[in-house]
Amino acid sequence: MKVSIIGIGTVGAAVATAVKNTGLVHEIVLFDRDAVRARAAAEDLGHAAAFSYDVKITAAANYRAIRGSDIVIIAAGANQKPGETRTDLLHKNVAVISDIIPRVMANVDAKNVKIIMVTNPLDVMVMLARRLSRLPAGRVIGTGTMLDSARLRVILSRHLGVSPQSINAYVLGEHGDSSMINWSSATIGAVALDDFCRQTRVSLPAAAKRTIEYRVRNAAYEIIRGRGATWDGIAGAAADLLRCIINDERRLLTVSVVDGSGDKSVAMSMPRVIGAAGVISSVVPKMTRDESVALRRSGKIIRKNYDTI
């Protein structure tokens, strides 16, 4: 399994480390326009590989090096700065992705390659990459709200006193400020969230839910204020998505892919079955009327942002 990572900045380097640590790939190509940075990252990660998995790690500043890649991860682009929203990055990163995707497609097997998008604003970049690559929608996959959903499970686990692994709760829609939490289908194990709270006598009133929503939605901003950027969480999400594809695990992940066609098409996160072919199917969880309205609103915002480019 050969994986190429495009863009070896802070996020790309963290993604490379997380991918290497899965132990599932035999070769990783680190591509960056800055050849010196790419070589330094390859050397550093290559040294770390001596302590774990034996992975061939090479640096590249020429797209020919990615030939034979099974999966290409796009992590290039401007990063979110303190005070910026993901949407603020829109026009900066449209130019970046518009340059990268045709060059990638000229050097990979279009019949088999899968593209994982990490660049923000994520959903719009998925739509752009899908259009430029002309690949089937299920093989241009954004990490979507995987990280948002993980943040929700961690925060909720602390409130409930249970492991995040026992919580099935999703953030849906945009990987951004219009995302929504699907409270009505959340379960703890096989027990509905509200039933679990009643049985365990844990209080989760509407005010607590609003606080959790705020914390989930603003987690990235808080991390950026504290350390300048977020990278570990998104790297973990990218590696988990990669693992699901390579192992044909068919787990449900809240990834972003393009649904629909023409002017009504939009990429946003829903629970989707992921396997070796990419996105195999999508499911629509139970929602209240308000949740459905919020999800539709999120989709309209993504589509509006896409139409501006």
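**View 1. The largest pocket of the predicted model and its lining.** In this predicted model, the largest pocket encloses a volume of about 450 Å³. Its lining is made up of 20 residues, and those nearest the centre of the pocket are Ala 150, Arg 153, Asp 240, Arg 251 and Leu 253. Two or more lining residues come from each of helix H5 (146-160), strand S7 (167-168), helix H8 (232-246) and strand S12 (251-259), and the largest share, 6 residues, is given by H5.

**View 2. The β-α-β unit built from S2, H2 and S3.** Strand S2 (residues 27-31) is paired with strand S3 (residues 56-60) in the parallel sense, with 5 bridges between the two strands; within this pairing, Ile 28 has Ile 57 of S3 as its bridge partner. Together with helix H2 (residues 35-49), S2 and S3 form a β-α-β unit that is right-handed.

**View 3. The surroundings of Asp 32, in the loop between S2 and H2.** Asp 32 counts as buried because its relative accessibility is 6%, under the 20% cut-off that defines the term. From the loop that joins S2 to H2, the side chain of Asp 32 reaches the backbone nitrogen of Ile 8 at 2.8 Å, and the side chain of Asp 32 also makes a polar contact with the side chain of Arg 37, at 3.3 Å. Leaving aside residues up to four places away in sequence, Asp 32 touches Gly 7, Ile 8, Gly 9, Arg 37, Ala 38, Ala 60 and Ala 61.

How values were computed. Residues numbered from 1 in each chain as written. Predicted model: local features only at pLDDT ≥ 70, side-chain atom pairs only at ≥ 80, totals over all residues. Heavy atoms only, no water. Pairing = 2+ DSSP bridges. Helix = DSSP H or I, 4+ residues; strand = E, 2+ residues; numbered from the N terminus. Right-handed = clockwise from strand over helix to strand, strands pointing away. Buried < 20%, exposed > 50% of the residue type's maximum accessible area, 1.4 Å probe, protein only. Polar contact = N/O pair within 3.5 Å; in protein donor to acceptor, adjacent residues only side chain to side chain. Contact = heavy atoms within 4.5 Å. 1 Å grid on protein atoms, 1.4 Å probe; cavity = no way out; pocket = protein on both sides within 12 Å on 5 of 7 lines; lining within 4 Å. Points joined across faces, edges and corners; volume = space filled by probe spheres on them.
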